[in-house]
Amino acid sequence: MAAVKSLNPKAEVARAAQALQVNISAARGLQEVLRTNLGPRGTMKMLVSGAGDIKLTKDGNVLLHEMQIQHPTASLIARVATAQDDITGDGTTSNVLIIGELLKQADLFISEGLHPRIVTEGFEKAKQKALQVLDSVKVVKEMDRETLINVSRTSLRTKVGPKVADILTEVVVDAVLCICKGPGEPIDLHMVEIMEMKHKTDTDTRLVRGLVLDHGARHPDMKKRVEDAFILTCNVSLEYEKSEVNSGFFYKTAADREKLVAAERKFVDDRVQQVIDLKKKVCDGTEKGFVVINQKGIDPISLDLLAREGIVALRRAKRRNMERLTLACGGVAMNSFDDLTPECLGHAGLVYEHVLGEDKYTFIEEVHNPRSVTIVIKGPNKHTLIQIKDAIHDGLRAVKNAIEDGSVVPGAGAFEVAAHAAITSAEFLNSVQGRAKYGVKAFAEALMVIPKILAQNSGFDPQETTVKLQEEYVKCGQAVGLDVSSGDVLLPADEGIWDNFRVKKQLLHSCTTIAANLLLVDEIMKAGMSSLKG
């Protein structure tokens, strides 16, 4: 009897072989759910929420986040896979597949009496070898636009259809190149604003080299389109402010009250006048426009004063857009109007308002050197917009990873084929002592799950394809991958199929660690407080 039973008779216990089966069946179950999603030919999953909202996706990360997973082991694997996405932006589906396959292959040996500890030792040695292979197959090259487009396309085609993926590829690469400050500088993807507009089709998604705000001017007489405009970005209240302390005023006469109201109003009017004076200084005698974008409020009287002077004013802009505005248009975000100078102003070639149903959008375009840009996602319905938004997040991360790594890895299952060949080579197997060889073999076979499932999802025979890939690799000695359209062997480098180096590296580390931990579980005890109630 389990020791915990003597302490707690209501505890549920799974021991040794039973505990291992619980873990393996959970990993296999999750693997079965996600296996059809892998690769550009993967199928979609439709998720329906409790409220009836529909989400169509084949992005493993979205699936694992949205699905309600009851099984504790499956939930653990799902968390590891989503952590992989948080760290590197991709590789979620592969993570689940490899963990599931590592446990499946290990089970073959463990069921014959091999101790899990020996299997995990073999895993560790095979992982070190796989990391060496990864370093040898990676291609260090200059990250020009063409290479980045190939990396981005490889990632995006596994998330959305090829037509949309090809459009998003250029959008994503140009967005990252705009915000990239230079070699060695960190890339802040928050400087790419993603704006959703529900109209037209998904192929109308485009990159705006500037900023799109999700509100318009609040005065009917303000211009809807301004060309060659100065942009004043500020965080100054242009409305009547209440005092910060509770205060009361006592008047002797009505005239005194009027004086107080006028003094209060003058405080705001003086600020507005400072903006108007600056506008006259920089715009008089020219055709230039003037736009004020304020984070705080602007009251109707102030709006009227600004509109009379031909100034377009937007109030209550989001805080995150204030930082983006100065990066996109230039200038300085002002917190006070006391030291306004023409040097504080940014510039945009075109500012216009776009009305869509009841929503208004303000586009700030034709800026000289944008360090912040906006991707405008268009689509006919909500689930299309969400699907494209998720894909864009992954595409942006793929491009960022490639620039920061300075290297790429051949895709289409090429790395897995090369690693399998290296790990199963007589030279390496002879260097591994004792029964740990079985763990090494299990690891090598588990890696081949990626090309097998790629072939299966593309409608080809997995065994035939795997053999073909291995034979071709032995013949030519180059990294060869699977052509998902014909089922033949191709050279990923020639076709521009590139994966991220850090995704593969993270994959090897996390899969091996979790699979080893799950194999070494010999007792599952459900003895927590909540499970014993009743």
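This section describes the sheet, cores, surface patch and selected residues of a predicted model.

Three strands build an open sheet in the order β4-β14-β17, and the pairing is antiparallel. The edge strands are β4 and β17, each of which pairs on one side only. Strand β4 covers residues 139–140, and strand β14 covers residues 407–410. Two bridges join β4 to β14. Across this pairing, V140 stands opposite S407 of β14. On the other pairing, three bridges link β14 with β17, which spans residues 498–500. These two strands also run in the antiparallel sense. Here V408 faces its partner N500 in β17.

Helix α7 comprises residues 145–156 and includes N150. With a relative accessible area of 13%, N150 is buried, because the cut-off for burial is under 20%. Beyond its neighbours within four places in sequence, N150 is in contact with G496 and W498. W498 falls within the residue range of β17, 498–500. The contact list of N150 therefore includes a residue of a sheet strand, given that contact means heavy atoms within 4.5 Å.

The interior was examined next. The largest nonpolar core has 70 residues. Within this core, F123, I423 and F443 touch the most other members. Contacts of F123, leaving aside neighbours within four places in sequence, are L102, A106, G439, A442, F443, T512, A515 and L519. F443 thus appears both in this contact list and among the core residues that touch the most other members. Apart from the largest core lies another, of 45 residues. Its members include V292, L303, L325 and A328. In soluble globular proteins, nonpolar side chains tend to be buried together.

Helix α16, residues 449–457, is mostly covered. Seven of its nine residues are buried. These are V449, I450, P451, I453, L454, A455 and N457. An α-helix has 3.6 residues a turn, so residues three or four places apart point the same way. After α16 comes G459, which has a positive phi near 90 degrees.

Positive phi values also occur outside glycine. Most residues other than glycine have a negative phi. D228 departs from this pattern, with a positive phi near 50 degrees. D228 sits in strand β8, which runs over residues 225–234. The relative accessible area of D228 is 31%, so D228 is partly exposed. R316 is not a glycine either, yet its phi is positive, at about 50 degrees. R316 belongs to the loop between β10 (311–314) and α11 (319–329). R316 counts as partly exposed because its relative accessible area is 49%. The cut-off for an exposed residue is over 50%.

On the surface, M46, V48 and I54 make up a nonpolar patch. Together they present about 300 Å² of accessible area. I54 belongs to strand β3, residues 54–57. I54 is classed as partly exposed because its relative accessibility is 40%. Membership of a patch requires over 30% relative accessible area. The value of 40% for I54 therefore meets that requirement.

Conventions:
Residues numbered from 1 in each chain as written. Predicted model: local features only at pLDDT ≥ 70, side-chain atom pairs only at ≥ 80, totals over all residues. Heavy atoms only, no water. Patch = residues over 30% accessible without salt bridge, like charges linked within 9 Å, V, L, I, M, F, W, Y side chains within 5 Å. Areas by Shrake-Rupley, 256 points an atom, 1.4 Å probe, with all protein chains shown as cover. Salt bridge = Lys/Arg side-chain N within 4 Å of Asp/Glu carboxyl O. Helix = DSSP H or I, 4+ residues; strand = E, 2+ residues; numbered from the N terminus. Buried < 20%, exposed > 50% of the residue type's maximum accessible area, 1.4 Å probe, protein only. Pairing = 2+ DSSP bridges. Core = buried A, V, L, I, M, F, W, Y, C linked by side-chain atoms within 4.5 Å.
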